[in-house]
Amino acid sequence: MADILYTYKNQVYANITNRCNCNCTFCIRSLKGAVGDAETLWHKTEPTLAEIKKAIDDFDFTNYNELVFCGYGEPTCALDNLLASAAYVKKKHSISIRLNTNGLGNLYHNRNIIPELAAVIDNVSISLNAPTAEKYEAVTRPQFKNAYPALLEFASLSQAEFQHTQFSIVDILPEDEIAACQKVADDRGISLKIRKYS
Ligand code: SF4
């Protein structure tokens, strides 16, 4: 069993699935098998809810004020376990919960999952990745058509449900694309986090 909970730069992350509906050109999974104090983030089999709960039980959350569902995969691909494990953490610990997502959960599940997510998760960070649909398709290589507008709609709907909604991009984008992504975010009143690519 790979690490389900791991820490990186004083932050604790939950890695509940390796499934993903994209195949991003920059995905860290193609570069290395672990991050932070994790030995490996590749699960031999998808974690069960019992295994995720045990990892939560075994982790000392003292000194952490936020848990981030992030993983080596897209957390909303394991929606039932994501919702149940986030609710489990909320019940046990008074820490904030953030979801890092590619924002394609509604497209993947063919319904609006945001109210269910927001019932147990405080904040959401959505990977924007590109300022246009064409560039997005080239970089993230999603399983679906119309992924980019679906992502933008997911972000707009999220604003009304989560305490905080942000877009994120990595700093390897050319400057003009970063500026264009900033405009996409500004036009929607959503903050943009520019992450250092590591
Ligand atoms: S959405 Fe995330 S996990 Fe999926 S391929 Fe892209 S970077 Fe990797």
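This is a guided tour of a predicted model, made stop by stop with a selection to make at each one.

**Stop 1: the ligand**

Start by selecting the ligand and the residues around it. The shell consists of Cys 20, Cys 22, Asn 23, Cys 24, Cys 27, Arg 29, Gly 73 and Asn 102. By residue class, four members of this shell are nonpolar, three are polar and one is charged. Now turn on a surface, if your viewer offers one. Which pocket does the ligand take? The space that the ligand occupies is the largest pocket.

Keep Cys 27 selected for a moment. This member of the shell has a relative accessible area of 22% and is partly exposed, because the partly exposed class begins where the buried class, under 20%, ends.

**Stop 2: the cysteines**

Next, select every cysteine and show the sulfur atoms. How many disulfides does the structure hold? The count is zero. Cys 181 is a useful case to look at. Which cysteine sulfur is closest to that of Cys 181? The closest one belongs to Cys 24, and the two sulfurs are 13 Å apart, too far for a bond. A disulfide needs its two sulfur atoms within 2.5 Å, so Cys 181 has no partner at the distance found here. Cys 24 is also one of the residues that surround the ligand. As for the surroundings of Cys 181, its relative accessibility is 0%, and it counts as buried.

**Stop 3: a group of rings**

Select Phe 59, Phe 61 and Tyr 64 and show their side chains. The structure holds six aromatic pairs. In one of them, Phe 59 and Phe 61 meet edge-to-face, with ring centres 4.8 Å apart and 65 degrees between the planes. Phe 59 also pairs with Tyr 64: here the centres are 5.5 Å apart and the planes lie at 50 degrees, so this pair is tilted. Ring pairs thus join Phe 59, Phe 61 and Tyr 64 into a cluster.

Are these rings buried or exposed? Phe 61, at 6% relative accessibility, counts as buried. Phe 59 is buried too, with a relative accessible area of 18%. Tyr 64 comes out as partly exposed at 22%, because the limit for buried is under 20%.

**Stop 4: two asparagines with positive phi**

Move on to Asn 129 and Asn 146, and show the backbone. Most residues other than glycine have a negative phi. Asn 129 has a positive phi, near 70 degrees, and the phi of Asn 146 is positive as well, near 60 degrees.

Where do they sit? Asn 129 is in the loop between β5 (123–127) and α5 (133–140). Asn 146 is in the loop between α5 and α6. Asn 129 is buried, at 8% relative accessibility, whereas Asn 146 is exposed, at 55%.

**Stop 5: the loop between β5 and α5**

Stay in the loop that holds Asn 129 and select Pro 131, which is placed in the loop between β5 and α5. Pro 131 is buried, and its relative accessible area is 14%. Add Ile 169 to the selection and draw a line between the C-alpha atoms. Pro 131 and Ile 169 are 38 residues apart along the chain, and their C-alpha atoms are separated by 9.9 Å.

**Stop 6: the end of α6 and the loop after it**

Select Gln 159 and Ala 160. Gln 159 is in helix α6, while Ala 160 is in the loop between α6 (147–159) and β6 (164–170). Gln 159 counts as partly exposed, at 35% relative accessibility. Ala 160 is exposed, with a relative accessible area of 69%.

Now add Ile 114 and Pro 115. Between Gln 159 and Ile 114, which are 45 residues apart along the chain, the C-alpha distance is 9.9 Å. Between Ala 160 and Pro 115, also 45 residues apart along the chain, the C-alpha distance is 9.5 Å.

**Stop 7: Asp 122**

The last selection is Asp 122, in the loop between α4 (114–118) and β5. At 11% relative accessibility, Asp 122 is buried. Add Leu 99: Asp 122 and Leu 99 are 23 residues apart in sequence, and their C-alpha atoms are 8.1 Å apart in space.

Definitions and conventions
Residues are numbered from 1 along each chain as its sequence is written. This is a predicted model: local features need pLDDT of at least 70, side-chain atom pairs count only at pLDDT 80 or more; totals for chains, interfaces and linings use all residues. Side-chain values use heavy atoms; hydrogens and water are left out. A residue is near a molecule or strand if one of its heavy atoms lies within 4 Å of it. On a 1 Å grid over the protein atoms alone, a cavity is a set of points where a 1.4 Å probe fits but cannot get out, and a pocket is an open set with protein on both sides within 12 Å along at least five of seven lines; lining residues have an atom within 4 Å of a point. A molecule sits in a cavity or pocket if more than half of its atoms lie within 2 Å of its grid points. Ala, Val, Leu, Ile, Met, Phe, Trp, Tyr, Cys and Pro count as nonpolar, Asp, Glu, Lys and Arg as charged, and the others, Gly among them, as polar. Buried means under 20% relative accessible area, exposed over 50%, partly exposed in between (1.4 Å probe, protein chains only). Rings of Phe, Tyr and Trp (its six-membered ring) pair if their centres lie within 6.5 Å; planes under 30 degrees apart count as stacked, over 60 as edge-to-face and the rest as tilted. Helices (H or I, at least four residues) and strands (E, at least two) are DSSP runs, numbered from the N terminus.
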